[in-house]
Amino acid sequence: MGRFSIPKLGFLLLCCLASVTEATYLKYKDPKQPVGVRIKDLMSRMTLAEKIGQMTQIERSVATPDVMKKYFIGSVLSGGGSVPATKATPETWIKMVNSFQKGSLSTRLGIPMIYGIDAVHGHNNVYKATIFPHNVGLGVTRDPQLIKKIGDATALEVRATGIPYVFAPCIAVCRDPRWGRCYESYSEDHKIVQLMTEIIPGLQGDLPANSKKGVPFVAGKKKVAACAKHYLGDGGTTKGINENNTVISLNGLLSIHMPAYINSIRKGVATIMVSYSSWNGKKMHANRDLVTGFLKNKLKFRGFVISDWQGLDRITSPPHANYSYSVEVGVGAGIDMIMVPYNFTEFIDDLTYQVKHNVIPMSRIDDAVKRILRVKFVMGLFENPIADNSLVNQLGNQEHRELAREAVRKSLVLLKNGESADKPLLPLAKKTTKILVAGSHADNLGYQCGGWTITWQGLGGNDLTSGTTILQAIKHTVDPTTQVVYSENPGADFVKSNKFSYAIVVVGEPSYAETNGDSLNLTISEPGPSTIYNVCGAVKCVVVVISGRPVVMQSHLSSIDALVAAWLPGTEGQGVADVLFGDYGFTGKLARTWFKTVDQLPMNVGDPHYDPLFPFGFGLTTKPTKQN
């Protein structure tokens with residue numbers, strides 16, 4: 001019998017080798033396999049704990065490599081202003097993101113986590129990033145190609161810090177400027193918002209020609225997954241109260257607030273974020289008909305649906321009053337990834353209990369995980385989970401700043417220019433004896449950028465990041481022989497006695513975000529009105545308004561010679577001076593109605609009671625001048 005032993009041994013060895021190679025070949029890790037095959041293979045290997053981990057998004061402040069590994073966490077985020085260190089470098093960001101990622105990769109299946117951040121006007125949490133104008137200004141440009149370039153630049157700056165996912169764009173249709181998020185909306189007109197969804201191919205890359213409708217697309221390492229938000233009707237709440245109730249018919253909801261989502265899905269948007277708000281009294285985070293029925297089934301959206309920050313908690317009033325109920329109705333509605341963001345063990349425990357007790361069917365969990373994995377596979381996260389330093393020089397680079405400066409120029413709206421068309425004040429002369437620059441917003445980079453800049457609420461002052469204030473831009477633009485006098489809030493006597501050729505007064509709103517920006521009076525900050533009164537009563541003046549929305553101007557208008565809406569222009573204040581002094585002409589047209597008084601609100605173009613101070617689409621133009 002001995003003579004059979006050697007072949008037998010060889011056969012056994014071969015079997016062993018075959019099983020070893022089989023174990024090392026995992027279909028889901030093979031980029032040559034179709035995405036559907038990879039998802040199916042990976043999901044067949046996953047435990048319930050691993051699946052629920054994928055559905056969990058936690059804040060970076062509670063994330064560690066060990067937490068990532070122990071709970072199989074699928075995603076981490078930075079909340080507004082949540083940074084690894086004050087004024088952190090791109091290298092510091094990369095190191096942090098990679099440390100979390102290594103925790104995820106050390107799990108049994110090695111599923112990479114996806115890191116998300118609010119990059120709503122450039123990479124706005126990051127020191128020295130280019131800060132673009134907020135959406136309220138970009139809508140004015142009506143220039144989708146410009147917006148696409150901004151998406152492209154933003155993607156590069158976000159990837160420069162090792163991050164592959166942004167919570168942008170906001171495609172809200174703000175129907176009432178009393179809403180504190182109105183500056184995050186491109187327009188009151190859904191058609192302009194639809195045009196501006198061109199930022200999505202800028203962020204994610206152009207959808208390949210043969211793509212299936214609704215399937216997410218992200219074109220590799222220089223692009224990011226985008227997120228259309230906040231689904232649905234966030235911009236239509238009563239009196240513009242943030243997170244409140246949008247009272248409108250289904251037809252109104254679909255014709256005003258839905259169209260831009262259809263465009264976004266057609267362009268391959270990877271994710272969609274649900275709104276805190278309610279529609280006719282029903283919380284969107286609990287609205288199965290609209291999240292599953294409409295978005296997933298009717299529109300065939302195949303990316304993942306994410307909650308807003310503590311979105312499940314806020315299903316109940318007060319928030320978190322009955323968390324297990326919130327988990328049941330939120331996940332049951334069709335939300336795939338939950339931005340918990342802190343108390344993740346409670347979420348994981350509640351959801352696990354509900355699945356084990358058949359409160360939530362396994363099919364719902366599988367739907368969520370399939371969508372999350374689809375986005376991760378499509379964007380190449382399995383092949384390139386670890387970020388490197390190759391793009392760090394993209395952050396705040398000159399080309400992006402020039403693009404932002406162009407966006408500022410195109411977003412300005414000239415509302416008044418002299419008492420009559422034949423006596424315009426603008427463009428201003430660069431060469432003159434002495435000019436006055438005044439106002440709380442003339443030399444304030446923080447106010448110029450607005451909310452969602454470095455911190456969640458934004459900051460005042462000039463120590464937040466790199467950029468050019470409007471005062472610095474003016475000094476840089478006028479003739480060297482022109483004396484520029486800056487006084488933040490000068491008295492009338494000072495102005496009269498100084499024989500200025502003209503004055504530039506820059507006033508507006510403070511920085512704010514979300515509910516903190518809700519306002520029922522929409523006035524400019526003190527001492528803005530008295531600055532206008534003192535300066536414009538004594539000398540020819542142009543008033544530049546820095547604000548996230550139209551503000552009360554009617555009472556000041558008669559004393560003002562020229563009026564410019566500059567919105568929230570961001571770090572590149574030079575763009576304002578470019579147009580004031582005639583290097584470029586004014587071209588912007590209002591993408592929002594400018595009301596006379598707040599008691600007219602809400603008032604949108606097409607309304608029967610339409611009686612604005614400046615109508616939607618209004619904007620005077622000037623020609624560029626050749627000045628010596």
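Reader: Which residues in α15 are met by Val35, Arg38, Ile39, Leu42 and Met43 in α2?
Author: The model is predicted, so to speak, by computation alone: local features need pLDDT of at least 70, side-chain atom pairs count only at pLDDT 80 or more, and totals for chains, interfaces and linings use all residues. Residues are numbered from 1 along each chain as its sequence is written, and side-chain values use heavy atoms, without hydrogens and water. With contact taken as heavy atoms within 4.5 Å, the five residues named in α2 meet Asp366, Val369, Lys370, Leu373, Arg374, Phe377 and Val378.

Reader: How many nonpolar residues does the contact of α2 with α15 have?
Author: The contact holds no polar residues (Gly and the others outside the two remaining classes). Four residues, of the Asp, Glu, Lys and Arg class, are charged. The nonpolar residues (Ala, Val, Leu, Ile, Met, Phe, Trp, Tyr, Cys and Pro) number eight.

Reader: At what angle do the axes of α2 and α15 cross?
Author: Helix α2 covers residues 35-45 and helix α15 covers residues 362-378, as DSSP runs (H or I, at least four residues). Their axes, fitted to C-alpha atoms over the stretch in contact, come within 10 Å. On a scale from 0 to 180 degrees between N-to-C directions, they cross at roughly 130°.

Reader: What is the orientation of α2 and α15 to each other, and what is the hand of their crossing?
Author: Angles under 35 degrees are roughly parallel, over 145 roughly antiparallel, 65 to 115 roughly perpendicular and the rest oblique; α2 and α15 are therefore oblique to each other. With the near helix turned clockwise from the far one by less than a right angle, the crossing of α2 and α15 is right-handed.

Reader: What is the hand of the crossing of α7 and α16?
Author: The axes of α7 (residues 144-159) and α16 (residues 398-411) come within 10 Å. They cross at roughly 145°. The crossing of α7 past α16 is left-handed.

Reader: Which residues in α16 are met by Leu146, Lys149, Ile150, Ala153, Leu156 and Glu157 in α7?
Author: The contact of α7 with α16 divides into six nonpolar, one polar and four charged residues. On the α7 side, the residues include Lys149 and Glu157. The six residues of α7 meet, in α16, His400, Leu403, Glu406, Ala407 and Lys410.

Methods:
Helices (H or I, at least four residues) and strands (E, at least two) are DSSP runs, numbered from the N terminus.
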